[in-house]
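Here are some worked exercises for anyone who likes to reason about a fold from its geometry. Have a go at each task before you read its solution.

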Amino acid sequence: MGHTMKRVNSRQVFGTRSRGLSNFRASPFARLVCTLVMTTFVCDTSGFVRPGRAPSLKQHSRSRPPESVLGATDVEKLELTEHSPSMQPSKTASKDNLLRVFSSRPAELSEILGGTGRSRALWENVKNGFYFTEENTLPYYQDKHHLRLSARSVSSLLELTGGNPLPPQRVVSETVAPCGTVKLLVEMEDGMQVETVLIPNAEREKEKGTTTLCVSSQVGCARGCIFCATGKMGLVRNLRADEILAQVFFAQRRIRESSKEATPLPPLMNCVFMGMGEPLNNPKEVLKAVEVLTDRLAFALGPRHVTVSTVGPSPASVRGLREFRCGLAWSLHSAVEETRRQLVPTSTHSAVELRDAFLEVIGDPERPQVLRSCLIEATLLEGLNDDDRHADAMLELLKPFPKEVKVNLLPYNDIGVEGLARSPPENVAAFARRLQEGGRLCFVRTPRGDDDSCACGQLATASSRKKREAEPAHAS
């Protein structure tokens, strides 16, 4: 704590000699002295502090050490426990200090809420699309009374989160494509909006199928890919981890509510960071979101079922993926340098430099074996990157990768850019065949939701316009 600390005995505490405790043990004062003699105190120039941890819920009535002994963070923690045994926040807590439920890991919540049971009960709600103020109505939950939040816990959580009984984010609108793909427009506290897409797939598991969720990591994007609607928005701002995870929460709610529909959505199995934004331009928040997604006591998705996709802003940012315990995807688009820079105008590093960085990440001996792979993605555009020359260049670039690294060929989804067109099916088939003959596994993604602008590359919102309208006008 920055203070010199030493052990003291009862004589040093009272500044006098002991008179022989046996002469007055019967008095209350004597019993107090005996207790002090048997207890070790930590002393500094500011006062006395009990050794060990901060006061517990049962100790909240005891005198607390002066703030000069504690750091600011410690003072806040003491206020949370002292003022109420049910974790009330400081009365002066700012909006930035409010509890963000969706991005709070169970271990953190256990400390804040005063027990793992409360934390588990809260996350049992959230991962099923119920906010903590809502009653969990799932049938299997009804008999699990130990997983229910008490009224006092709910009241305390309300104070910790700012008093709003609803999530700080909300779903503004929903679009359902003929194929069953669902696009949600999610609005943040500041009015900024992102799109998130639920893609049902009944073919993988014939009995019930699965749903893949495509989440956004930014409002807009700075990478400027010419075939992507988000790139045309420009970057508005990064999303916080809780704003990313709010999309997962609303997806789980939508899946749960669809059980009453004629064609319900299958359970959520996969989450891919392939929506709006470049994840590696917002690595801190994306990493935190991935950790909560894969926490077995939170959203509980398997690491192999969460994928972060990136164009690779720089080799350094790619190497930062070592910390990400999830699947990885590289949006390469073209191994011919001139073409790649045409498709992704903000590219400043060669494909070879980025490839070597990816090789370092997936080859890290500390990385779990099941995650030592990478998906290579390429959006094929007619006459730009769909011929044999581009296929051969990709085979050459990918030679150092292990055979488990597959190529995913994506159809271009029209965003109204003149001169850009989806590669014809015969060109796509020839490209895939050439890769496979060269020893590289390859598959072609089936377009989903492109008729209703729900597909890859078609996500965009009016948030860029809102930002421009909110900015003060500058004199010319």
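Two strands pair if DSSP finds at least two bridges between them. Keep that in mind for the strand exercises, and remember that what you have here is a predicted model.

**Exercise 1. Which strands pair with β5, and in what sense?**

Step 1. Start with the later partner: β5 and strand β6 (residues 193-201) run antiparallel and are joined by six bridges. To check the register, find glutamate 187, which stands opposite glutamine 193 in β6.

Step 2. Now go back along the chain. Strand β4 (residues 170-176) also pairs with β5 in the antiparallel sense, over six bridges. Here valine 176 is the residue opposite valine 182 of β5.

Step 3. Look at the turns. The hairpin of β4 and β5 has five residues between the strands, and glycine 180 in that hairpin has a positive phi near 100 degrees. The hairpin of β5 and β6 has five residues between its strands too, with glycine 191 at a positive phi near 90 degrees.

**Exercise 2. Work out how many residues of β5 are buried, and on which faces.**

Step 1. The cut-off you need for buried is under 20% relative accessible area. By that test, six of the six residues of β5 (residues 182-187) are buried.

Step 2. Split them by side. Val182, Leu184 and Val186 sit on one side, while Lys183, Leu185 and Glu187 sit on the other. Both faces of β5 are covered, charged-looking names or not: Lys183 and Glu187 are on the buried list as well.

**Exercise 3. Follow the pairing from β6 onward through β7.**

Step 1. β6 and β7 pair in the antiparallel sense over five bridges. Proline 200 has threonine 211 in β7 as its bridge partner.

Step 2. With strand β10 (residues 268-273), β7 pairs in the parallel sense, over four bridges. Try locating cysteine 214: its bridge partner in β10 is valine 272.

Step 3. Finish with burial. Five of the five residues of strand β7 (residues 210-214) are buried, so β7 is largely enclosed by the rest of the structure. Thr210, Thr212 and Cys214 point one way, and Thr211 and Leu213 the other way.

**Exercise 4. Find the buried side of helix α4 and say what it packs against.**

Step 1. Pick out the buried residues of α4 (residues 106-113): Pro106, Leu109, Ser110 and Leu113. They cover an arc of only 110 degrees around the axis, which puts them on the same side of α4.

Step 2. Compare with the general rule. An α-helix has 3.6 residues a turn, so residues three or four places apart point the same way.

Step 3. Turn the helix around. The face of α4 away from its buried side carries the exposed residues Ala107 and Glu111. The buried residues of α4, meanwhile, pack against α5 (116-126) and α6 (151-160).

Step 4. Step just past the end of α4, and you reach glycine 114, with a positive phi of about 85 degrees.

**Exercise 5. Describe how helices α8 and α9 cross.**

Step 1. Get the geometry. The axes of helix α8 (residues 241-257) and helix α9 (residues 283-293) come within 8 Å and cross at roughly 45 degrees.

Step 2. Classify the angle: α8 and α9 are therefore oblique to each other. The crossing is right-handed.

Step 3. List the contacts. From α8 come Ala241, Ile244, Leu245 and Val248, and these meet Glu285, Val286, Lys288, Ala289, Val292 and Leu293 in α9.

**Exercise 6. Take two residues with a positive phi, alanine 300 and histidine 333: where do they lie, and is each buried or partly exposed?**

Step 1. Recall the background: most residues other than glycine have a negative phi.

Step 2. Alanine 300 is not a glycine, yet has a positive phi of about 60 degrees. Look for alanine 300 in the loop between α9 and β11 (306-310). Its relative accessibility is 39%, so alanine 300 counts as partly exposed.

Step 3. Histidine 333 is not a glycine either, and has a positive phi of about 70 degrees. This one is in the loop between β12 (327-331) and α11 (337-343). With a relative accessible area of 5%, histidine 333 is buried.

Methods: Residues are numbered from 1 along each chain as its sequence is written. This is a predicted model: local features need pLDDT of at least 70, side-chain atom pairs count only at pLDDT 80 or more; totals for chains, interfaces and linings use all residues. Side-chain values use heavy atoms; hydrogens and water are left out. Buried means under 20% relative accessible area, exposed over 50%, partly exposed in between (1.4 Å probe, protein chains only). The arc is that of the directions from the helix axis to the C-beta atoms. Contact means heavy atoms within 4.5 Å. Axes are lines fitted to C-alpha atoms, for helices over the stretch in contact, and angles run from 0 to 180 degrees between N-to-C directions. Angles under 35 degrees count as roughly parallel, over 145 as roughly antiparallel, 65 to 115 as roughly perpendicular and the rest as oblique. A crossing is left-handed if the near helix is turned anticlockwise from the far one by less than a right angle, and right-handed if clockwise.
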